[in-house]
Amino acid sequence: MAQVSLRHVSKVYSGNVKAVSDVSLGIENKEFVVFVGPSGCGKSTTLRMIAGLEEISEGDIFIGDKLVNDVPAKDRDIAMVFQNYALYPHMTVYENMAFGLRLRKYSKAEIDQRVKEAAQMLGIAKYLNRRPKELSGGERQRVAVGRAIVRKPLVFLFDEPLSNLDAKMRVQMRTEINKLHTRLQSTMIYVTHDQVEAMTMGNRIVVMKDGIIHQVADPISLYDKPVNKFVAGFIGSPPMNFFMGRIIKYDGKFYFDEGTFKVKLVEDAVPKTRPYEDKEVIFGIRPEDIYDKLFVQEASPENTVTARVDVVEPMGSEVYLHMATPKNIFIARVGGHDKPEVNHDIDLVFDMSKTHFFDKDTEKAIV
Ligand code: ADP
């Protein structure tokens, strides 16, 4: 069993740099957990503490049932894949993959079997006699993954392994690592700054900022129910639109009033926003929940917003409309054939059942 447990883990680097603050998290056996957050949020430090490459300043880390705080990296039964591959340049692919097993005194036959099996799995069997410099970036990363697989570790740790690859190769390797997880059924912990990678790979995602965990959830819950404005804005592309404004009651109905437009809240949103009546809140709506009124059959004036088209960005299957009200800018993600004229006003329909509200001071979701 390879569950990993972090209990009140902190890391302070010399110079009093607080990289990780009081992180507690349980990772289940066979789970694929992704740590995501902007650069400098402490995700690599957390991974490196799990790996044993970085000392823990405070707290405990368990791998399986074993407290590993003082266990050296080589005895933790983990394997790590790095962004820069970290292959030995003078060794062949075969030797690179076999190296760790040799150190651990595995028999020649066992090493041969494991290396060939992993090479097969990763489609690099024909490169076993090449040196790393004779391989493409994607192939090198496969070798690095292969070197981790042959160890059959309790836990795989990945530190931004796809960052050096071009966009197409990244997408391909993403799928392959997903398949590998299904096939190997091992515990995997993966660090990335890329929210798309996080959303497509993890069973659960840990969103970090400034050394603190903001939310831990499966991808859909994270997307639908972000706990605060940071998570709401970080997950999703283009990001969620935010508007400052007030909750008002008018004629017995509740509205969000931006100042230059007003939209009616759905029934579900009324109980939670009622305490904010006449107060300022942050209103959030994702670009895909805004429609061009021309393509909506039953639009109501109560959720229609008139705004100016600033930029039309065709993406092929869809179009990003960069819009402006007199007070705010926002993005609508509409159908690929929608080509409104720039600098003209158009009517947009907000799907009010998909809206989010955040407290102006704490930026926490109003639930
Ligand atoms: P991330 O992986 O999310 O980009 P890191 O874990 O690498 O973030 O870094 C978290 C914080 O710790 C950053 O502010 C970074 O500058 C700092 N940091 C990382 N490594 C060291 C180090 N060896 N010495 C001092 N500060 C460090």
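Select Gly 40 together with the ligand, and you will find that a backbone N or O atom of Gly 40 lies 2.6 Å from an oxygen atom of the ligand. Keep in mind, as you go from stop to stop, that this is a predicted model. Add Gly 42 to the selection: a polar backbone atom of this residue is 3.0 Å from an oxygen atom of the ligand. Then add Tyr 13, whose contribution comes from the side chain, with a polar atom there lying 3.4 Å from a nitrogen atom of the ligand. Taken alone, the ligand exposes 560 Å², and the protein buries 60% of that.

Now widen the selection to the residues around the ligand, which are Tyr 13, Val 17, Ala 19, Pro 38, Ser 39, Gly 40, Cys 41, Gly 42, Lys 43, Ser 44 and Thr 45. Coloured by character, this shell divides into 5 nonpolar, 5 polar and 1 charged residue. Which element gives the largest share of the shell? That share, 3 residues, comes from helix α1, and the elements that give two or more residues are β2 (17-27) and α1 (43-51).

Next, leave the ligand and select strand β8, residues 187-192, where 6 of the 6 residues are buried. In a regular strand the side chains alternate between the two faces of the sheet. Along β8, Thr 187, Ile 189 and Val 191 point one way, while Met 188, Tyr 190 and Thr 192 point the other way, and all of them are buried.

With β8 still displayed, bring in the strands that pair with it. Strand β3, residues 32-36, pairs with β8 in the parallel sense over 5 bridges, and within this pairing Val 36 stands opposite Thr 192. Strand β7, residues 155-159, also runs parallel to β8 and is joined to it by 5 bridges; here you can pick out Asp 159, which stands opposite Val 191 in β8.

For the last stop, select helix α2, residues 93-103, and show the side chains of its buried residues, which are Val 93, Tyr 94, Asn 96, Met 97, Ala 98, Gly 100 and Leu 101. An α-helix has 3.6 residues a turn, so residues three or four places apart point the same way. What lies over the buried residues of α2? If you display α3 (108-122) and α4 (137-149), you will see two elements that are included in the cover. Finally, step just past the end of α2 to Lys 105, which takes a positive phi of about 65°.

Note on methods:
Residues are numbered from 1 along each chain as its sequence is written. This is a predicted model: local features need pLDDT of at least 70, side-chain atom pairs count only at pLDDT 80 or more; totals for chains, interfaces and linings use all residues. Side-chain values use heavy atoms; hydrogens and water are left out. A residue is near a molecule or strand if one of its heavy atoms lies within 4 Å of it. A polar contact is a pair of N or O atoms within 3.5 Å; within protein, one must be able to donate a hydrogen and the other to accept it, and residues adjacent in sequence count only if both atoms are side-chain atoms. Accessible areas come from the Shrake-Rupley method with a 1.4 Å probe; for residues, only the protein chains shown count as cover. Helices (H or I, at least four residues) and strands (E, at least two) are DSSP runs, numbered from the N terminus. Ala, Val, Leu, Ile, Met, Phe, Trp, Tyr, Cys and Pro count as nonpolar, Asp, Glu, Lys and Arg as charged, and the others, Gly among them, as polar. Buried means under 20% relative accessible area, exposed over 50%, partly exposed in between (1.4 Å probe, protein chains only). Contact means heavy atoms within 4.5 Å. Two strands pair if DSSP finds at least two bridges between them.
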